[in-house]
Amino acid sequence: MNQDFAAVNAELEARGFSRWVFKLERIKALLDLLGNPERAFRAIHITGTNGKTTTARMIESLLRAHGLRTGRYTSPHLKSITERISIDGEFISEEDFVRVYREVAPLAELADQRYDETLTYFDITTALAFAAFADAPVDVGVIEVGLGGETDATNVLGAEVAVITPIGLDHTEWLGDRVEDIADMKAGIIHKGATLVTAEQEPEALEPLLRRSAQVGATVMREGKDFGVTERYLAFGGQVLTLQGIGERYEEVFVPLHGAHQAQNATIALAAVESLLGAGLDAEVVREGFAQVTSPGRMERVRTAPTVLLDVAHNPHGMAATVKAVGEEFGFERLIVVIGVVADKDVEGMLELLEPITDQLIVTRSQNPRAMAPAKIARFAEDIMGEERVQIEASLPEAIELAVERAEEAAGITLGASGVLITGSAYLVGEARTLLVRD
């Protein structure tokens, strides 16, 4: 990391990550000063509880396969903030990140003077992404919501396609503790004349989406009604799908990612691209786009013998998909789970889901200051799994080393039947990936 980039990181972090009142006036003021770069490209806007980043990656890959220049903005990052901003499938360089920041920062200070609360870390990175996309320039921006939807900094786009992945409980301290309240907030990204592409939702989540769509005159495309996965079978390194799109059926589509939830993400991504470009895409181009998809830290195999999987599941909704994928696609006879979570998450809900597939749980923490103390996680885990299955390791490197040792000890069961799953938060998985993967 060069010194200028490190200094920019420090300046961004000093702004803080949240605020008391969520309103769009600050980000709008900054974008006005920048000449409204968010108007320089078409946009697909994505919210939901889980699957947003992978869906964004799939959409981007499909658009690029169709010859379009893309910008992708997702969060959080696993290792470097540059991962949040991609142009044509490549992360922005540290040098370009610093250059764009130096253009935006003086105008951010001007905007700050107008309000009691300053622009946040996420506000600034959102402005940086839009400015970088306008400078490139890109044809289409694929933009992931940071939190919620209606009052999120990204919701200045008025995007022509709004994508909503499955909705469950998460971030309840900000969004509410009822699914319908969370859905109501996420519905805020549906704007006048837009097309809504939504995953299958529980009735209490679907109703606010349909109500908002009716209010603004949006076209609604629903998984299971207008598009969906009609066939799925496992293949080496991923899965092969038959996808019913909005206008056409696409067969023998290889997706190099694991889990039924990734098949769902794929059909949503396809419907979003069809909504933007027109139904009835070239099947070979669609296959090409999906074959090139990557999604680091999402059921990612980073080692074999024993198999080590990384997954960013950080709430019960996401953990249910992870547990299902591990059971369906890997068939471990013995699984060692390394877990660390952020303090505001439903750790009991995640542990209850992990219990049936976990032979030993190693509790640790990331270096993030909001990480829950391992001793607290362990108390919950002991109640759910029993003391004999739970062990604390204060540092992640030691936890990974122990997990691999325990998996190797059991490797004699059957070749390949022992594995390690590292999960619980994007922060933990990001640090684990730094230790285990050479990019």
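Begin by selecting V347, E348, L351, E352 and L354 in helix α12 together with I377, F380, A381, I384 and M385 in helix α13, since these are the residues through which the two helices meet in what is a predicted model. Colour that selection by residue class, and the contact of α12 with α13 divides into 8 nonpolar and 2 charged residues, with no polar ones.

Now widen the selection to the whole of both helices, residues 347-354 for α12 and residues 374-385 for α13, whose axes lie 10 Å apart and enclose an angle of about 40°. Angles under 35 degrees would count as roughly parallel and those from 65 to 115 as roughly perpendicular, and α12 and α13 are therefore described as oblique to each other. If you turn the view to look through one helix onto the other, the crossing of α12 over α13 is right-handed.

Leave the helices and select strand β10, residues 238-244, where 6 of the 7 residues are buried, so that the strand is mostly covered. Add strand β9, residues 228-235, which runs antiparallel to β10 and is joined to it by 7 bridges. Within this pair, show V229 and L243 of β10, which stand opposite each other. The hairpin formed by β9 and β10 has 2 residues between the strands, and G237 in this hairpin is worth displaying with its backbone, as its phi is positive, near 80°.

Next add strand β11, residues 249-255, which is also antiparallel to β10 and is connected to it through 5 bridges. Here the pair to pick out is V240 and its bridge partner in β11, F254. This second hairpin, made by β10 and β11, has 4 residues between its strands.

For the last stop, select strands β1 to β8, which form an open sheet of 8 strands with mixed pairing, and follow them across in the order β4-β3-β2-β5-β1-β6-β7-β8. At the edges of this sheet you will find β4 (90-91) and β8 (219-222), each of which pairs on one side only. Then move inward to strand β2, residues 70-73, and strand β5, residues 140-144, which pair in the parallel sense over 4 bridges. Finish by showing Y73 with I143, its bridge partner in β5. With the backbone displayed, it helps to recall that strands of a sheet pair through backbone hydrogen bonds, either parallel or antiparallel.

Conventions
Residues are numbered from 1 along each chain as its sequence is written. This is a predicted model: local features need pLDDT of at least 70, side-chain atom pairs count only at pLDDT 80 or more; totals for chains, interfaces and linings use all residues. Side-chain values use heavy atoms; hydrogens and water are left out. Axes are lines fitted to C-alpha atoms, for helices over the stretch in contact, and angles run from 0 to 180 degrees between N-to-C directions. Angles under 35 degrees count as roughly parallel, over 145 as roughly antiparallel, 65 to 115 as roughly perpendicular and the rest as oblique. A crossing is left-handed if the near helix is turned anticlockwise from the far one by less than a right angle, and right-handed if clockwise. Contact means heavy atoms within 4.5 Å. Ala, Val, Leu, Ile, Met, Phe, Trp, Tyr, Cys and Pro count as nonpolar, Asp, Glu, Lys and Arg as charged, and the others, Gly among them, as polar. Buried means under 20% relative accessible area, exposed over 50%, partly exposed in between (1.4 Å probe, protein chains only). Two strands pair if DSSP finds at least two bridges between them.
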